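Please open the structure in your viewer and keep the selection panel at hand. The tour below proceeds one selection at a time.

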Amino acid sequence: MLEVRSVTKSFGGFSAVGGVSFTVPRGSISAIIGPNGAGKTTLFNLITGHLEPDSGRVVFNERDVTGIAPHDLCRLGMGRSFQRTNIFPRLTVYENIQAAYVSHRGRGFNLFTPVAGLYRAETESLLSAVGLLEKAHETSGFLSHGNQKQLELGIALALEPELLLLDEPTAGMSATETRDSIRLIERLAADRGLTLLFTEHDMEVVFSIAHRITVLHQGRVIADGAPADVRRDPEVKRVYLGDSR
Amino acid sequence: MPDLAFVFAQSLSGLTAAMFLFLIASGLSLIFGVLRVLNFAHGTFYMLGAYCAFQIVQWIGLDGGRFWLAALGAALAVAALGGIVERVLFRHLYDKEELYQLLFTYALVLILSDVAKIIWGTQQKSVSRPAELTGAFQIFGATVPHYNLFILALGPTIALTFWFVLQRTRAGRFIRAAALDRETLGALGVNVDGLYTWVFVLASFLGGLGGALIAPMRATTPGMDTEVIVEAFVVVVIGGLGSFWGTFLGALIYGQVLSFGILFFPRFSIFAVFALMAAVLMIRPWGLLGRPIR
Amino acid sequence: MLARVPWALLVLIAAFFVPAAGSRFYTFVANDVVIWALFATSLNLLVGYTGLVSFGHAAYFGIGAYTTGILMKKAGLSFLIAFPAAGIVAGVCALVFGFFCVRLTRIYFAMLTLAFAQIVWAICFKWNEVTGGEQGMPEIPYPSFDGVDRVVSALPALGSYRTSDYYYFTCLVLVALCLWALRRIVASPFGRMLTTIRENAERAEFIGVNVRRYELAAFVIAGVFAGLAGGLFGIFNRGVFPDFAYWTKSSEVLIMTLLGGMGTFYGPAIGALALIWLNQQIVSYTQYWPLILGSILVILLFVFPGGLAGAVIALWRRLVRSPVGA
């Protein structure tokens with residue numbers, strides 16, 4: 001479904017991502033892991049069009065989407081959540097999700113219908129699915145971190161994506177929150193037939209749900225495959241267990 | 001075909017105008033570079049510098065080098081005002097939205113320019129040139145007043161001094177660091193709040209000095225602040241917001257465009273200046289020597 | 001319960017009685033307020049709803065004023081053509097200027113809007129043949145009200161009105177229609193997309209919002225309504241002058257918008273009312289109006305950052321949450 005081919009990006013003299021290639025099969029849950037600074041977020045930004053690669057291609061559903069603007073990419077079926085919570089702080093929870101539906105369903109340039117009643121059913125159903133229905137009319141900027149992350153997920157899902165990219169979805173969460181969050185993500189993915197690609201620091205999370213893991217180190221892929229194989233890979237062990245000699 | 005004397009005279013007048021603009025614009029650029037705020041009131045500090053110089057000259061006269069005392073006094077008075085304003089009022093707005101900071105500087109324009117009207121009235125004031133510099137040279141057939149030459153020499157001198165301070169002194173390093181990354185600097189234990197106050201004081205000094213020095217050349221009237229601030233904006237945009245030599249370059253370009261523009265296309269010279277500003281913003285927004293702001 | 005009262009409608013109806021109730025002077029002030037209310041609300045579409053701070057909104061005000069002035073005075077065209085033309089010409093200019101402006105962010109955006117406004121001012125200032133140059137174009141004719149006057153004279157209950165009164169009613173009706181249209185726009189899906197851009201432009205991109213396109217659309221709409229306000233103002237002011245486009249005019253309307261509160265729809269209109277009324281009151285005592293205005297602004301900035309409307313709302317919320325009600 002998603003193919004990344006030899007994607008490279010440098011900033012000044014610093015090579016953030018160097019010749020990274022991997023594939024994400026449809027319906028799978030894939031993870032990208034690596035120590036800090038390995039280039040995970042940069043890679044995400046390259047896939048979602050936030051940055052343009054110096055070389056290489058990103059192919060989604062057999063279509064070359066390298067460097068396509070984010071607002072066009074959304075319409076092709078790719079959704080994304082962000083590491084630092086990225087919501088619309090002064091809008092209510094309900095309005096956050098509704099806005100995503102309005103945009104996605106192409107009503108954005110309608111200048112005369114009152115927006116208040118649009119997509120009520122879909123919005124409420126989605127809010128219920130991510131567990132935020134009771135908080136629907138609270139100002140989203142005042143929610144707790146965990147709730148904001150749920151909202152993030154909701155916004156991404158409102159775009160009815162086929163592939164969902166999650167950038168460190170459990171960052172900053174406690175162990176309980178992480179467990180709940182992962183259960184929620186898994187359930188939603190199964191219900192909606194989503195393909196997931198996520199980056200994570202929490203190894204427990206990764207090894208518990210990923211079907212496929214790609215390991216990055218200093219901008220390069222050092223291992224790629226099923227969790228059991230990756231766990232045994234000596235290179236991976238070296239990088240993670242701190243052998244810096 | 002204009003003759004050499006004429007071209008030379010025009011060019012020189014453009015350069016002189018540029019030096020004054022550089023003095024004001026450098027203060028504006030400094031405040032923007034470090035505090036990230038466009039200080040609308042900077043033109044008003046310039047105007048106050050001129051008025052203060054006038055006032056001091058009224059008190060102490062012009063003989064025996066008193067003019068320089070007056071200019072310095074005026075610049076210091078304006079610097080002090082800047083310091084007080086920053087300390088007492090402005091610093092409480094740093095955590096608010098940029099728009100509020102801008103609005104504050106505009107409110108200062110309103111308040112200070114009316115205060116100037118209250119103190120000095122609306123008639124235009126003039127200051128005579130200092131006795132030492134009342135003559136003129138004949139260069140290439142053009143009459144060039146000594147005072148103008150002095151300003152022409154002073155501009156680059158101040159630029160170089162300023163540059164030296166920024167590049168080679170400890171204080172200068174702090175200023176440059178604050179412009180790049182305020183938080184890290186604070187985390188390193190530097191008193192960033194105090195630094196901000198000093199930057200504001202320094203910028204106000206430069207603005208006030210510019211006003212004091214231009215007083216012998218142009219009439220001091222209310223309304224000179226709103227005119228000059230837009231000119232200063234044009235200069236820093238062309239040169240690059242926050243770039244020191246950019247401001248110098250921008251001032252030079254502005255001066256020449258204006259003086260030759262008035263000559264060849266008198267009706268469109270003001271248009272030309274703003275068209276240049278728009279062109280720079282459309283093609284290379286961070287100016288000739290600036291760096292893209294993140 | 002208080003929110004259910006149709007305040008805006010009541011204010012509109014009350015406004016119709018101003019000429020009957022007061023002197024010529026009150027009608028004059030009310031007319032001024034009504035036009036500036038439209039101007040300020042148009043700016044708020046950019047500032048308050050989209051998060052784009054423009055320093056050059058007066059450009060479109062000036063363009064609208066000159067368009068109507070030139071069409072009515074020099075071409076002798078009727079108000080019915082000259083008024084919409086003001087909006088159309090201003091809108092086209094906003095499209096051209098806006099195209100370049102929305103590619104820039106924040107401070108650069110603001111500077112370019114300022115540059116374009118100053119260019120408009122410079123053209124108006126110097127293009128003597130068309131715009132009258134520095135002297136401007138005095139004596140723009142009022143629209144012809146003969147037809148209306150005949151009807152009104154036939155109905156004894158309504159009393160008699162001057163031309164300036166008829167013009168006031170015209171402005172009132174037209175501005176009310178424009179504000180109604182703007183209100184629909186901000187309450188529409190388009191308006192909601194604008195607020196997402198204001199809140200988080202990056203995230204807006206990731207929900208499929210082509211930020212530049214929406215910002216340009218907002219810029220043009222704001223320009224159109226500013227142009228319409230300018231068209232009305234040129235006639236009201238009995239003359240069109242270059243300073244309509246000067247940056248200080250842009251700052252006046254920006255202040256009104258902020259004074260009234262850019263977080264609400266009617267905030268800027270309230271700001272216009274407050275500022276103009278205050279100006280009239282103070283100018284009769286002292287010539288130092290800028291000093292007073294500046295001081296008020298400073299107080300407002302430190303004590304009521306939400307503007308007057310914000311302060312009233314905050315006060316009301318506090319009253320509503322009184323210990324008795326909880």
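The stops that follow cover two chain interfaces and one pair of domains in a predicted model.

**Stop 1: chain B against chain C**

Select chains B and C. Here 32 residues of chain B are in contact with 30 residues of chain C. On the side of chain B, colour α4 (98–120), α9 (224–239) and α11 (269–283), each of which supplies at least two residues that touch chain C. Which of these elements has the largest share? It is α4(B), with 13 residues. Colouring this side of chain B by class then shows 26 nonpolar, 3 polar and 3 charged residues.

**Stop 2: chain C against chain A**

Next, hide chain B and display chain A. At this interface, 21 residues of chain C are in contact with 28 residues of chain A. The elements of chain C that give two or more residues to the side touching chain A are α9 (163–186), α10 (189–199) and α11 (201–205). Of these, α10(C) gives the most, namely 8 residues. By class, this side of chain C comprises 8 nonpolar, 7 polar and 6 charged residues.

**Stop 3: within chain A**

Finally, display chain A alone and colour its two parts separately: domain 1 (1–77 + 163–182 + 192–245) and domain 2 (86–160). Their centres, taken over C-alpha atoms, are separated by 27 Å. How many residues does each domain bring to the contact? Domain 1 of chain A provides 7 residues and domain 2 of chain A provides 5. The side of domain 1 that touches domain 2 consists of 4 nonpolar, 2 polar and 1 charged residues.

Terms used. Residues are numbered from 1 along each chain as its sequence is written. Chains are lettered from A and ligands numbered from 1 in the order in which they are written. This is a predicted model: local features need pLDDT of at least 70, side-chain atom pairs count only at pLDDT 80 or more; totals for chains, interfaces and linings use all residues. Two residues are in contact if their C-beta atoms, placed from the backbone, lie within 7 Å. Helices (H or I, at least four residues) and strands (E, at least two) are DSSP runs, numbered from the N terminus. Ala, Val, Leu, Ile, Met, Phe, Trp, Tyr, Cys and Pro count as nonpolar, Asp, Glu, Lys and Arg as charged, and the others, Gly among them, as polar. Domain bounds come from an automatic or database domain assignment.
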